[in-house]
Amino acid sequence: MTDGGAGVGPESFRASGRARTEWSLADVANGLRTLRIEAGQPSFAEIARRIATVRAERGVAPAEQRPARGTVYDCFRTDRRRIDIDLVVDIVRALGADSTEADQWAQRCRLALSRAEAATMVTVRNRLPMQRTAFVGRTEEMATALSEMPGRSPGNLPTTPIWISGMPGAGKSRFASEVAQRLLDAGVVAQFRAVELRAFAAGAPPADPVASLDALLRSMGVAHHAIPRDLTARVELLARHCAKARFVVVLDDAVGSEQLGALLPGLRNAVVLVTSRTAPDPQTRARHVGLGVLEPMESLELLRATIGTSTIDAEQDAAYALADAAGHLPLAVELTASRVLARPDWPLAEHLGPVRRRQQALRLDDAVHETIDLSYTSLPASAQRMLRALAGAPLAEPDSTAAAALADTSDAQTDLETLLRHHLLNDAGGDRYRLHPLVRTYATERGWEEDRASARTASHVRLEDHLMLSAWAASRSLAAESGGSGRFERFTESVPTLPPDEAREWFENHIEDVVVAAQHALGEGRYATVMALSEGCAWWLARASRYRHAVMLTETALHAALSAGDTTGEALARLDLGGYLGLVGELDTAEAHLLAIPQAHDAATDPGFHGSVANHLAGIAGERGQLERAVRLYQESIDRHRCLGDQRRTAAAFVNLAYTYRMNGQFDESVRTNLDLLTNGDPDPWIRALTLSNLADVYVALEDHDAAWDTAREAAELAEELGHAQATLAAQLTMVRILDLRGKHEEALAHGDRALAAAHDLGHPSNEATVLYELSAVHRHMGDLAHARTLAEQALDTLADVDDDYQSAFAHSHLALIERAEGNAAEAAEHWSRAASLLEPFGGPELEEIRAWLADVRSPETH
């Protein structure tokens, strides 16, 4: 079933033969529609009333019992990108489902959410793939593709995409790469990008169009939180980036025109090459290049380039016959050549017998299936097993260690090299391997025929165990390097020792594998595995500021814990989600998770657990300007951890408390707390870097610029050594302010660039906004008011979608200073008035300073 297809009710959910992991959000919505029809088409208002009754029966507070009619209606829309699982379950109950059926719906929703999240993971490459075979033929098609290309002037790039279509195995991606290479060589374009749209990628949904747009923007250097929420604005941002450089962009393996709707308008300033198994529909403006099979002479030339001229010319008739048996399909011809190379002592004519005897219609195109089958049967048994294992894996591009786990072998490299040599596997670079979709289809079929279901499941379990052990090994290595993580661990397995540098590299290279494996394990009901994967990565995800992956992985773990009835797992997942979401500005959702931690959680297993909850809640209170509450909660966290002798978590809470003192204008308390940390606190260099950067900021507020500079420089050096983006940001910002005060504006801007890079790494819009308005101040002091205004307005725009009144107030204040410098007293007063209103809950000296400026600009003498 495809998204948006026919309705699916409760019975058809159970009866469908489709894999359980393939439910989409549209399927869920269609299922709700059918369920509503079966219930007599009650109105959405009536459904909301019934939900209130259902919730009242289980003790939900009266104010939270009845959802809005529009909220209920939204659950029936097939275009939703997210759903509220609890609300869907309540709708199902309101429409007459029993508890068992409601639980089944909850599981379907979790699977659909996982599938929707998988669709948002899009690969964009900025290098042409390595080619193992020569490009031959396609002279007329190449002429068509290049016919409207200009010289080196980017202003004359064609405005319509080149749509390359053809049957599977026709060499569409290879042709697109050749076109791109020729354009790069001729200087028509300067940069390359390829977006993998996965129309026919087994085991993975087609790439989400909007996520593909975002991934393409990020590949061009746009930070995640600098991407506008409005789709039109995103499209225009992409168009502007393409206009700055001459890009050729390959949109590889597209479903059809619909998948490209969000991409093509933004790529109007680039050369666009689309590959698809289907021709463009009549409504799509595109220059169509259809690829059929090769001409016989072209097939012979491909065999010459692969096998060798002397071999082919010595038996030209047999070579023609082999190419003809391969259907002159490029993939089939190349695989035939690899089979010939595997038996160099056979005359070409002797390869014809097996081909002709086995020619028959199979699931793939006859020629392709036959050629793959002949190559497969010539492989050693271990390589055959490896191919089947790779085809059934949830990972699109496993590395050699994952391949070894999947195939249960200690000599994976030999099997991988064999598959590469036979052109049954592609080298994706960086010890990663990718199957051609046709080969994956063939090998998956062989797996179903040759391997027991238990063996296929065991392969997946081995992969999950491999990733789980590796994640915990890497996590423990990095934690030991810094003196311990301070986290409660349920995972008790012994793990191999891993040097810290290798541990960091493993996480960087494998975190997406972990996310995909966890989502797959969730769909298969291996809930303990999901939670172990999440908990093993949690500490690194927080330290590395990889909040997008952290949220996806931890949400998957939460679904697993809820499905398993594991209250400890639920508590740990909600604790981590509360921390991650608070750091990215989603304060309400973060707080909801923290407050929803089940009371059944046994705190005795982790005595410091509730201290960590208090620490996260304090951070949320501080972001909201509830500083007294934040201080109280931090003190509670410190007291709990200190009583337990937990130096790590005590120090972390002290760092946050010192920062809150600074926000509240209690500078002496902040200095005392920071200095005490440096003298008597946790020896972890990570904590030390953050403490130094915070202390430097307080020294600036106290106008002790020499102390601020020395402290910030020490913090910056340590942070750079550690890769500590948060401390780097704070230290570099302090250095920007001091250099600006000293009139060293160019140096200030250089440090501002480093701060901006750190803000991009952190991915929180508030951090980026802070850097922007500080750079605005530097340009204002340089007399460049136009640039200063642009930066301050960018800061305000960056904060538009987050709940951060504190930073918004400073952005308004910087705009007010610019207006005053330009003689616009009324506009300045408006911005300062807004800033004072936003800062009111926080108090502190900054508020008093803004009020003074506001009074001054409103005084008669000013006018």
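# Chatting through helix pairs and a sheet

Student: Which residues in helix 26 meet helix 27?
Tutor: On the helix 26 side they are Leu587, Ala590, Glu591, Leu594 and Leu595, and they meet His616, Leu617, Ile620 and Glu623 in helix 27. Sorted by class, that contact has 6 nonpolar, 1 polar and 2 charged residues. Keep in mind that this is a predicted model.

Student: Okay, and how do people describe two packed helices?
Tutor: They give the angle between the axes and the distance between the axes.

Student: So what's the crossing angle of helix 26 and helix 27?
Tutor: Roughly 150°, and the axes of helix 26 (residues 587–595) and helix 27 (residues 609–623) come within 10 Å. Angles over 145 degrees count as roughly antiparallel, so helix 26 is roughly antiparallel to helix 27. Their crossing is left-handed.

Student: Now helix 29 and helix 30. How many Å apart are their axes?
Tutor: The axes are 8 Å apart, and helix 29 (residues 647–663) packs against helix 30 (residues 667–680) at an angle of about 155°. That pair is therefore roughly antiparallel too. The crossing is left-handed.

Student: Which residues make that contact?
Tutor: Helix 29 puts in Gln647, Ala651, Phe654, Val655, Ala658, Tyr661 and Arg662, while helix 30 brings Phe667, Glu669, Ser670, Thr673, Asn674, Leu677 and Asn680. By class you get 7 nonpolar, 5 polar and 2 charged residues.

Student: What about helix 6 and helix 24, at what angle do they cross?
Tutor: Helix 6 (residues 99–119) and helix 24 (residues 547–564) cross at roughly 165°, and their axes come within 11 Å. They are therefore roughly antiparallel, and helix 6 passes helix 24 in a left-handed crossing. Gln107, Arg110, Leu113 and Glu117 of helix 6 meet Met552, Glu555, Thr556, His559, Leu562 and Ser563 of helix 24. This contact splits into 3 nonpolar, 4 polar and 3 charged residues.

Student: Switching topic: in what order do the strands sit in the sheet?
Tutor: The order is 1-3-4-5-2-6, so to speak from one edge to the other. The sheet is open, has 6 strands, and its pairing is mixed. Strand 1 (124–125) and strand 6 (287–291) stand at the edges with a single partner strand each, so one side of each has no neighbour in the sheet.

Student: Do strand 1 and strand 3 pair parallel or antiparallel?
Tutor: Antiparallel, over 2 bridges. Val124, for instance, stands opposite Val195 in strand 3.

Student: And how many bridges join strand 3 to strand 4?
Tutor: There are 6, joining residues 191–196 to residues 247–254, and these two strands run parallel. Phe192 stands opposite Val248 in strand 4, and Glu196 has Asp252 as its bridge partner there.

Student: Which strands does helix 7 touch?
Tutor: Helix 7 (residues 139–146) packs on the sheet and touches strand 2 (162–166) and strand 6, with its direction at about 165° to that of strand 6. Helix 8 (residues 172–185) packs on the sheet as well, touching strand 2, strand 3, strand 4, strand 5 (271–276) and strand 6. The direction of helix 8 makes about 170° with that of strand 5.

Student: Last one, how many salt bridges are there?
Tutor: A search of the whole structure finds 41. In one of them Arg268 pairs with Glu236, and the closest N and O atoms are 2.7 Å apart.

Student: Where do Arg268 and Glu236 lie?
Tutor: Arg268 lies in the loop between strand 4 and strand 5, and Glu236 in helix 10 (residues 231–244), so the pair ties together parts that are 32 residues apart in sequence.

Terms used: Residues numbered from 1 in each chain as written. Predicted model: local features only at pLDDT ≥ 70, side-chain atom pairs only at ≥ 80, totals over all residues. Heavy atoms only, no water. Pairing = 2+ DSSP bridges. Helix = DSSP H or I, 4+ residues; strand = E, 2+ residues; numbered from the N terminus. Contact = heavy atoms within 4.5 Å. Axes fitted to C-alpha atoms, helices over the stretch in contact; angles between N-to-C directions. Parallel < 35°, antiparallel > 145°, perpendicular 65-115°, else oblique. Left-handed = near helix turned anticlockwise from the far one by under 90°. Nonpolar A, V, L, I, M, F, W, Y, C, P; charged D, E, K, R; others polar. Salt bridge = Lys/Arg side-chain N within 4 Å of Asp/Glu carboxyl O.
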